[in-house]
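Welcome! Here is a short tour for anyone meeting this structure for the first time. Take a moment to look it over before reading on.

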Amino acid sequence: MVELTPHESSVLTRIIVYSRVPGREKAVEELSGDARKVGEVFLDPSKYSEMTDDVREAVDHFRLWLENNRRLREKRLARSRRAR
Amino acid sequence: MKLVAVADEASEGVGAPESEGDDVFGNTASTVLEMYVGTLCHEIDRTRLRVLPKMHTPQNGLTDRSLSLNLSLCDSTPEVVPHWLSTPFIQRDSFNLLLIPWPHEVLVSQFRDVTDLAPDALPEGFGFFIYESLRPDEDLAGFVHSLWVEATRRLGTVHGVILPEMALAEEQFHNVRSKLPKECFLVAGVGGSATAVRRGINEVRLSFPLLKEVVQRKHHPWKLNEAQIIQYGLGGVLTPFREWWECVDITDRHLNFISLSGDLVLAVLICEDLARPDPVANLVRAVGPNLVIALLMDGPQTKERWAARYATVLADDPGCSVLALTSFGMSQLSRPRAGPSRSRVVAMWKDAFDSATEIELPPEADGVAISLSMRYRKEYTADGRGDDLTAAFPILSGVHPISTPKPGEPR
């Protein structure tokens with residue numbers, strides 16, 4: 001699996017989570033190596049099949065995490081509603 | 001006060017990015033937190049003060065920490081730099097950790113007088129010592145892997161493996177890491193020898209999926225006094241009539257807060273760092289990470305001993321859950337002046353809801369797997385604002401002794 005520096009992990013987290021905030025392309029351009037390739041897939045999912053196994057594995061991990069976050073967020077909102 | 005409340009409410013979720021596609025503020029806060037190294041302030045220099053995300057608000061007493069739910073105001077001490085890291089950890093409602101109280105044997109000869117390495121003569125009555133972690137005869141990586149396999153067989157998934165302070169030498173850490181699956185995180189104490197030109201190393205290595213290894217040094221060296229020399233039986237190598245300082249490098253002090261999800265921020269402390277109130281404890285208290293892991297080289301983790309006392313302070317205010325882990329070897333070396341030794345109590349758990357729980361290593365076991373489940377409680381600020389039941393507390397929900405499978409046993 002790809003190993004990211006804290007900076008790369010932070011940048012990728014932002015472009016993946018805040019997917020409708022402008023400036024994602026520029027943020028990805030400033031990355032290098034596998035981190036950049038991971039970012040490119042999130043900008044253009046059709047590139048997924050062109051990537052190495054390591055990059056695809058990292059993309060899959062981020063997608064799973066994003067789904068997991070959605071589930072946690074839904075649970076949190078449900079708890080909030082009950083608490084009011 | 002109104003401005004504080006507005007800023008606090010606007011900052012819900014900073015430091016733990018979630019799925020909010022168009023949240024420009026969240027995106028900017030996350031960028032600032034990373035770019036300005038450990039502060040959310042854009043215009044106030046971090047040498048003046050720092051503002052960090054916050055996971056717990058104290059529910060007892062009344063301090064400036066009682067005024068916010070999502071933001072913590074921290075001292076600007078240059079002594080310790082907080083780093084805020086995010087890593088994509090897949091969090092379930094519960095997660096399992098494998099605790100390996102390694103080494104299972106500590107020899108007195110692993111402690112060494114290195115007073116001669118001091119650049120200047122020390123005052124009478126003081127000395128330097130080091131502890132040598134490396135014992136190259138052991139296939140540690142294979143041992144850890146087999147424990148992970150067995151724990152996974154029993155619990156389904158093991159999300160992380162934890163080893164105590166100074167459990168491994170650097171090369172052992174890399175060997176252990178390479179044998180564990182990438183999706184399993186590893187938190188381990190790593191030690192290195194002192195030389196004529198370098199003090200010893202006592203640090204924690206944190207290895208999370210997708211994230212390059214993170215290193216954090218111990219902030220406070222251990223001082224062995226007469227009572228401890230006798231307690232650990234070290235009198236043959238370190239005279240009890242001196243005070244012995246651990247000869248380790250304590251420069252470049254920083255503290256990592258690792259954001260694993262919106263519910264879970266983790267901090268790891270090494271031994272003395274749990275006990276000393278500054279500089280690190282003030283930061284921990286301000287941020288209130290959901291889970292604090294203390295890696296120790298200490299005696300049994302019974303409820304009466306110091307680690308449980310300091311863990312109780314953190315669990316009470318601000319509400320952290322604390323796991324302390326020592327090695328079985330060090331625990332065995334410790335002999336109480338009176339009463340039976342309880343050396344099999346290698347770990348201790350304390351959270352905001354219950355009294356400290358001792359975790360024992362049964363005679364046939366080599367490690368202990370624990371399950372942690374998230375519990376939620378509403379927290380309030382001093383001005384009466386509530387958090388909609390989002391404050392998260394990992395609680396201990398399972399303890400399972402794990403042993404390496406013997407030939408013929410099911411795997």
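## Chain B as a whole

How many helices and strands does chain B have? In this predicted model, chain B has nine helices and 20 strands.

The C-alpha trace of chain B spans about 65 × 60 × 40 Å along its principal axes. A compact globule with 411 residues would have a radius of gyration near 22 Å, and the 21 Å of chain B agrees with that. Of these 411 residues, 50% count as buried. Among contacts in chain B with a separation of 6 or more, 70% come from residues 24 or more positions apart.

## An open sheet

Let us turn to one sheet. Seven strands of chain B form an open sheet with mixed pairing, in the order 3-13-14-15-16-17-18. Strand 3 (81-86) and strand 18 (357-360) of chain B each have a single partner strand, so one side of each has no neighbour in the sheet. On average, neighbouring strands here are turned by 20° against each other, direction ignored.

At one edge, strand 3 of chain B pairs with strand 13 (residues 254-261) of chain B in the parallel sense, over six bridges. Here B:His83 stands opposite B:Asn256 of strand 13.

## Helices on the sheet

Helix 7 (residues 277-287) of chain B packs on the sheet and touches strands 3, 13, 14 (264-270) and 15 (291-295) of chain B. The direction of helix 7 makes about 25° with that of strand 13 of chain B.

Helix 8 (residues 306-316) of chain B also packs on the sheet, touching strand 15, strand 16 (321-325) and strand 17 (345-350) of chain B. Its direction makes about 20° with that of strand 17 of chain B.

Technical notes: Residues are numbered from 1 along each chain as its sequence is written. Chains are lettered from A and ligands numbered from 1 in the order in which they are written. This is a predicted model: local features need pLDDT of at least 70, side-chain atom pairs count only at pLDDT 80 or more; totals for chains, interfaces and linings use all residues. Two strands pair if DSSP finds at least two bridges between them. Helices (H or I, at least four residues) and strands (E, at least two) are DSSP runs, numbered from the N terminus. Axes are lines fitted to C-alpha atoms, for helices over the stretch in contact, and angles run from 0 to 180 degrees between N-to-C directions. Two residues are in contact if their C-beta atoms, placed from the backbone, lie within 7 Å. The radius of gyration is taken over C-alpha atoms; the globule rule is 2.2 Å times the number of residues to the power 0.38. A residue is buried if 20 or more other C-beta atoms lie within 10 Å of its own, exposed if 12 or fewer, and partly exposed in between; C-beta atoms are placed from the backbone.
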